[in-house]
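User: I'm new to reading protein structures. Could you walk me through one strand and its surroundings?

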Amino acid sequence: MPEIRKITRVSIFIDYDNFAINYCKKFSVAEAAIDIWNSLCDRFTKYYQSRFIKNDFEVVDHVGTYLCVGLSEYPCSEEKEIKQRFRSLDRKNGFIVKYGTRTGSYKDKNGNLRLGVEKGVDTEIVCQMLMGAFLNHYDACILMSDDADYIPAVKRVQDYFGKKVIQAGFQNGVLRGRAYGNIPLEAASSTLAID
């Protein structure tokens, strides 16, 4: 008789700006040095399997990663580099890359380039999380952000749709406390080797 296995479908939602700011601060690296994208989904699904699956017959299936990045209407050279970096990742290994908007970049009084404030990224991710939960595209999701603005979406995804939300981030904040579980990135090495 064939073995019956339960499949837990896991989606990943990444707030790029929130993640990149915290990653660069923690590891003292430039944004262009973040090179974890090709292995991230695999690492997260293995972490989910080892920490949140309590039996031998259940397996995790990665059903997609939604990465949202803020870009200006007229991107500066740094933003063009970001878009180029993610062009090769889009539609590869289950990634879907979307772009929110960003207010115009500017030079500060010292002549340093400052990227404008991103807009719509959180909302785009919230829409995708809720739509995926409503359409039953996943059983659990990993939300890669420390932004407490996601709390209402996390509450609805968990309470109304019965999905598990795992927060992946660098801060032990309010969002982490509202999620079903967490992946504490502050404990990870620079390659995000999550133990």
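Here is a short walk through one strand, its partners and a surface patch.

Analyst: Sure! This is a predicted model, where local features need pLDDT of at least 70, side-chain atom pairs count only at pLDDT 80 or more, and totals for chains, interfaces and linings use all residues. Residues are numbered from 1 along each chain as its sequence is written, and side-chain values use heavy atoms, leaving out hydrogens and water.

User: How many residues of strand β7 are buried?

Analyst: Buried means under 20% relative accessible area, exposed over 50%, partly exposed in between (1.4 Å probe, protein chains only). Strands (E, at least two residues) and helices (H or I, at least four) are DSSP runs, numbered from the N terminus. In β7, residues 140–144, 5 of 5 are buried.

User: Which residues sit on each face of β7?

Analyst: In a regular strand, side chains alternate between the two faces of the sheet. Here Ala 140, Ile 142 and Met 144 lie on one side, with Cys 141 and Leu 143 on the other, and all are buried.

User: Which strand does β7 join through Val 10 and Ala 140?

Analyst: Two strands pair if DSSP finds at least two bridges between them. Strand β1 (residues 6–15) runs parallel to β7, with 5 bridges, and Val 10 stands opposite Ala 140. Strand β8 (residues 164–169) is also parallel to β7, again through 5 bridges; there, Met 144 stands opposite Ala 168.

User: Why does Met 131 count as partly exposed?

Analyst: Because its relative accessibility is 42%. Met 131 is in helix α4 (residues 121–134).
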